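Open the model in your viewer and keep the sequence panel beside it. Each stop below tells you what to select and what is there.

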Amino acid sequence: MTDINGRGPIPGVTGEDEGDLAPFFAAARASRPEPDARLLEAVLADAAAETQPAPRWRWPAAAALAASVAAGFLIGITGIAPLDGGLALSADGTFEIVSALDSDAAGFFDLGWEG
Amino acid sequence: MACGRGAEISGEGEADDALLARAAAGDGAAARILALRHLPRVLAVAERMLGERAEAEDIAQEAMLRLWRRAEDWQPDGAQLSTWLYRVAANLAIDRLRRRRPGAPLAVLEALPDPGPGAETALARRDRAAALDAALLALPERQRLAIVLRHIEELPQEEVASVMELSVEAVESLLSRGRRSLRAMLLPQRAALGLEGG
């Protein structure tokens, strides 16, 4: 007969090896200390904290978080209210960032050649 | 209040590996079954190694915590869960014993039966388990662990060897020396403990 985990029968530990110590070992086996309810609850609290909760709510939460991050990233790049603007070539041959607020700026990505 | 091992809970007949997989997915009922199944034994080994309840509880909780942390990556083909837990608890207990070493001799002497006059009267009030526990504390830690695992927890010798990461022959040697020492300490007390032939 095997136990719940498929372990086979335990060889006769109460046999010849124990001999005259057998009554002492038997007494010890009969008096195994039991964990109290407080310890059990602490162990179960650890289990709840350390193991993964069921995935049915985790995936939507993760997707929402990813969407928020992506949205924030895009807003960071484009600005909350993108304005008409872009790069303009300066007279000295360098590019500069302009916006529609500049009176004579070129249009968005409309790189006008001057001078 | 003891937590009660015999509670009827669905899934009690399930093997450890399957329960641990469920626990890893956040199944609290599976974690509870595993805790009820293994916590008493882990606690017993720790307490018999240390001779002190509060420290043993710390170690039992820590061993179970390490199990939960490992749950998601647990390999069913590896060591039995019980073997792994015993190993973790035993190593934690031995670490604790080594850290407290400067005070250990006093603790052991306090736990040992009084060998002086009147000792028999004092011993008569103790039960056999208490006498064994006291004698165990006088053994070297590896002999103590081997005796506890083999003769009290009733693990097969091969599993004791696996827990202790020793050969079966080395375990047998530890057991033989441990039993010899226990006999020397306990057999003179047989009459005082209500056993014939003392």
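**Stop 1: chain A**

Select chain A: of its 115 residues, 12% count as buried. This is a predicted model, so read every value here as computed from it. Colour chain A by secondary structure, and three helices and two strands appear. Walk from the N terminus and the order is α-α-α-β-β. Now consider the contacts in chain A with a separation of 6 or more. Residues 24 or more positions apart account for 16% of them.

**Stop 2: helix 2 of chain A**

Select residues 37-50 of chain A, which form helix 2. Put a distance label between the end C-alpha atoms; they are 20 Å apart. At 1.5 Å a residue, the 14 residues should span 20 Å, so the expected and modelled lengths agree.

Which residues of helix 2 of chain A are buried? Show the side chains of A:Leu39, A:Leu40, A:Val43, A:Leu44, A:Asp46 and A:Ala47; these are the buried ones. They cover an arc of only 150° around the axis, which means that they sit on the same side of helix 2 of chain A.

Now rotate to the other side of this helix. A:Ala37, A:Arg38, A:Ala45 and A:Ala49 are exposed there.

What do the buried residues of helix 2 of chain A pack against? Their partners are helix 1, helix 2 and helix 3 of chain B. That takes the tour to the second chain.

**Stop 3: chain B as a whole**

Select chain B. It has ten helices and zero strands. From the N terminus on, the string reads α-α-α-α-α-α-α-α-α-α. Of the 198 residues of chain B, 41% count as buried. Turn to the contacts in chain B with a separation of 6 or more: residues 24 or more positions apart account for 60% of them.

**Stop 4: where the chains meet**

Show both chains and select the contacts between them. On the chain B side there are 45 residues, in contact with 34 residues of chain A. Which elements of chain B give two or more residues to this side? They are helix 1 (16-24), helix 2 (28-50), helix 3 (53-70), helix 7 (128-136), helix 8 (141-152) and helix 10 (168-186) of chain B. Helix 2 of chain B gives the largest share, nine residues. Colour the chain B side by residue type and you get 27 nonpolar, six polar and twelve charged residues.

**Stop 5: B:Ala35**

Zoom in on B:Ala35, in helix 2 of chain B. Is B:Ala35 buried or exposed? It counts as buried, because it has 26 C-beta neighbours inside 10 Å and the cut-off is 20 or more.

Leave aside its neighbours within four places in sequence. B:Ala35 is then in contact with A:Leu40, A:Val43, A:Leu44 and B:Met64. A:Leu40, A:Val43 and A:Leu44 were among the buried residues of helix 2 of chain A. Next, draw a line from the C-alpha atom of B:Ala35 to that of B:Gln61. The two residues are 26 apart along the chain, and their C-alpha atoms are separated by 9.9 Å.

**Stop 6: the nonpolar core**

Stay with helix 2 of chain B. The largest nonpolar core has 68 residues, and helix 2 of chain B supplies the largest share, 14 residues. Which members touch the most other members? Select B:Val42, B:Val45, B:Ala46, B:Ala60, B:Ala63 and B:Ala89.

Centre on B:Val42. Not counting residues up to four places away in sequence, B:Val42 touches B:Ala60, B:Ala63, B:Met64, B:Leu85 and B:Ala89. B:Met64 is also a contact of B:Ala35.

**Stop 7: helix 7 of chain B**

Select residues 128-136 of chain B. This helix is mostly covered, with eight of its nine residues buried. The buried set is B:Arg128, B:Ala129, B:Ala131, B:Leu132, B:Asp133, B:Ala134, B:Ala135 and B:Leu136.

**Stop 8: two loops with positive phi**

Select B:Glu154, in the loop between helix 8 and helix 9 (157-164) of chain B. Its phi is positive, about 60°, although it is not a glycine. B:Glu154 is partly exposed, because 14 other C-beta atoms lie within 10 Å.

Finish at B:Glu165, in the loop between helix 9 and helix 10 of chain B. Phi of B:Glu165 is near 55°, again a positive value in a residue other than glycine. With 10 C-beta neighbours inside 10 Å, B:Glu165 counts as exposed.

Technical notes: Residues are numbered from 1 along each chain as its sequence is written. Chains are lettered from A and ligands numbered from 1 in the order in which they are written. This is a predicted model: local features need pLDDT of at least 70, side-chain atom pairs count only at pLDDT 80 or more; totals for chains, interfaces and linings use all residues. Two residues are in contact if their C-beta atoms, placed from the backbone, lie within 7 Å. Helices (H or I, at least four residues) and strands (E, at least two) are DSSP runs, numbered from the N terminus. Ala, Val, Leu, Ile, Met, Phe, Trp, Tyr, Cys and Pro count as nonpolar, Asp, Glu, Lys and Arg as charged, and the others, Gly among them, as polar. The expected span of a helix is 1.5 Å times one less than its number of residues. The arc is that of the directions from the helix axis to the C-beta atoms. A nonpolar core is a set of buried Ala, Val, Leu, Ile, Met, Phe, Trp, Tyr and Cys residues joined through C-beta atoms within 7 Å.
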